[in-house]
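Grab a coffee and open the viewer next to this page. Below are a few exercises, each with a solution worked through in steps.

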Amino acid sequence: MIILTFITIASYFILRTTKQNREDQKRIEDYLENHNGTNTWPTRYSYTDINKITRNFKNQIATRGVTLHEGMLVDGTHIVVKMIDIYDQNIEGFITEVEIIGRMQHPNVLQLIGYCVDHRKRALVYEFMHAPTTLESHITTLDEKRLHRVTLGLAKGISYVRRNLDDISPKDIFLDDSLDPKILVFPTEGTYGDVLSKKTDVFSFGMLVLEVLGRRKNEVYVFPFEWIYNEMGKKDEENEIVKKLTIVGLWCIQWFPSDRPSMKCVVQMLEGDKMPIMPANPFHLNGKNELF
């Protein structure tokens with residue numbers, strides 16, 4: 001009797017899950033059907049296609065705790081695939097990713113070119129460089145002009161994306177054959193257009209800039225930002241480019257979000273001929289109570 005009851009309960013949950021999966025699949029199919037024929041909508045692939053173009057997921061890249069799978073399309077386009085766990089993201093979230101990232105077209109943002117919705121299998125397919133390398137592997141070899149170009153490209157890419165990139169690391173930024181930066185965007189639901197997220201982008205960008213500057217000097221870098229601020233106030237930096245990047249980085253890590261520039265402003269400072277003025281010391285709260 002107990003065994004029969006257990007089997008009945010198990011069968012109920014299996015049928016319920018199967019029904020839910022069918023309903024979810026229909027919702028996706030209905031939604032995607034409305035976008036057929038649009039020029040900006042990414043290409044749809046079956047899971048069999050994904051398995052084939054990644055050669056059974058043979059080559060992997062780990063970044064930001066996410067495993068990416070390298071592959072090649074029939075026309076020779078180098079791609080990378082991000083598999084989606086259906087339990088980590090609901091239907092609306094996945095559709096939002098496809099719709100929003102699919103519209104992004106910027107020289108400093110990796111393009112989403114396809115997706116997979118095949119029952120329980122979901123994936124995003126991005127363009128990729130043929131021989132990808134990371135900013136981390138070039139930190140000590142970039143000269144000041146190239147470093148400025150990479151930093152400016154990142155600023156433009158982040159300004160274009162306008163979302164929370166709260167953990168930017170040199171190893172997460174890919175460089176093409178010309179050593180121009182490409183950002184791989186992993187959006188999360190509910191962050192688009194959020195003002196606080198934009199200010200978080202700015203802070204993360206400033207942290208990245210100062211980290212790169214520190215590591216170029218082969219120092220054991222533990223983010224001595226207050227020391228950097230004090231040193232900048234004592235003497236003129238011999239290299240004008242490094243000085244500008246340092247000042248911009250210090251502006252971006254201001255403690256209070258309202259004191260940080262927008263990414264648009266950051267781009268203007270990097271592109272401008274004039275040296276930006278030094279910001280206030282971000283480590284003195286001056287009686288303010290506001291936090292993040």
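Before you start, one definition: two strands pair if DSSP finds at least two bridges between them. Keep in mind, too, that this is a predicted model.

**Exercise 1. Get your bearings: how many helices and strands are there in the protein, and what share of its residues is buried?**

Solution. Start with the secondary structure, which comes to 8 helices and 9 strands. Next, take burial: of the 292 residues in the protein, 47% are buried. Then look at the contacts between residues at least 6 apart in sequence: 72% of them join residues at least 24 apart.

**Exercise 2. Follow the pairing from β3 through β4 and β6 to β5, and find which residue stands opposite Lys121 in β6.**

Solution.
- Step one: β3 (residues 66-72) and β4 (residues 78-84) run antiparallel and are joined by 5 bridges. Here Met72 has His78 of β4 as its bridge partner.
- Step two: check the turn. The hairpin of β3 and β4 has 5 residues between the strands, and Gly76 takes a positive phi near 95° there.
- Step three: move on to β6, which pairs with β4 over 6 bridges in the antiparallel sense. Ile84 finds its bridge partner in Arg122 of β6.
- Step four: β5 (residues 112-118) is joined to β6 by 6 bridges, again antiparallel. The residue opposite Lys121 is Asp118.
- Step five: the hairpin of β5 and β6 has 2 residues between the strands, and His119 takes a positive phi near 60°.

While you're on β6 (residues 121-127), note that 5 of its 7 residues are buried, which makes the strand mostly covered.

**Exercise 3. Work out which strands stand at the edges of the sheet β7-β8-β9.**

Solution. First, write down the order: β7-β8-β9 is an open sheet of 3 strands with antiparallel pairing. The edges are β7 (133-134) and β9 (181-183); each has a single partner strand, so one side of each is left without a neighbour in the sheet. Now zoom in on β8 (residues 173-175), which pairs with β9 over 3 bridges in the antiparallel sense. One of the residues to click on is Phe174, whose bridge partner in β9 is Lys182. Last, add the helix: α4 (residues 144-161) lies across β8 and β9, at about 25° to β9.

**Exercise 4. Stay with Phe174: what kind of aromatic pair does Phe174 form with Phe128, and why does the pair tie together parts far along the sequence?**

Solution. The count of aromatic pairs comes to 2. In the pair of Phe128 and Phe174, the ring centres are 5.0 Å apart and the planes make an angle of 70°. An angle over 60 degrees counts as edge-to-face, and that is what this pair is. Phe128 lies in the loop between β6 and β7, while Phe174 is in strand β8, so the pair ties together parts that are 46 residues apart in sequence. As for exposure, both Phe128 and Phe174 are buried.

**Exercise 5. Decide whether Leu270 is buried or exposed, then list what Leu270 is in contact with.**

Solution. Locate Leu270 in helix α8 (residues 263-271). Its relative accessible area is 2%; buried means under 20%, so Leu270 is buried. Leaving aside neighbours within four places in sequence, Leu270 is in contact with His148, Thr151, Leu152, Ala155, Phe205, Lys244, Leu245 and Val248. Take Leu245 from that list: the two C-alpha atoms are 7.5 Å apart, although Leu270 and Leu245 are 25 residues apart in sequence. Now widen the view to the largest nonpolar core, which has 56 residues; Leu124, Leu135, Leu154, Phe205, Val266 and Leu270 touch the most other members. Apart from that core lies another of 10 residues, among them Ile50, Val81, Ala123 and Val125.

**Exercise 6. Count the disulfides, and explain why Cys252 has no bond to Cys265.**

Solution. The count is 0 disulfides. For Cys252, the closest cysteine sulfur is in Cys265, at 9.4 Å, which is too far for a bond; the cut-off is 2.5 Å. To finish, check burial: Cys252 counts as buried, at 0% relative accessibility. Cys116 is also at 0% relative accessibility and counts as buried.

Key:
Residues numbered from 1 in each chain as written. Predicted model: local features only at pLDDT ≥ 70, side-chain atom pairs only at ≥ 80, totals over all residues. Heavy atoms only, no water. Buried < 20%, exposed > 50% of the residue type's maximum accessible area, 1.4 Å probe, protein only. Helix = DSSP H or I, 4+ residues; strand = E, 2+ residues; numbered from the N terminus. Contact = heavy atoms within 4.5 Å. Axes fitted to C-alpha atoms, helices over the stretch in contact; angles between N-to-C directions. Core = buried A, V, L, I, M, F, W, Y, C linked by side-chain atoms within 4.5 Å. Phe/Tyr/Trp six-rings, centres within 6.5 Å; stacked < 30°, edge-to-face > 60°.
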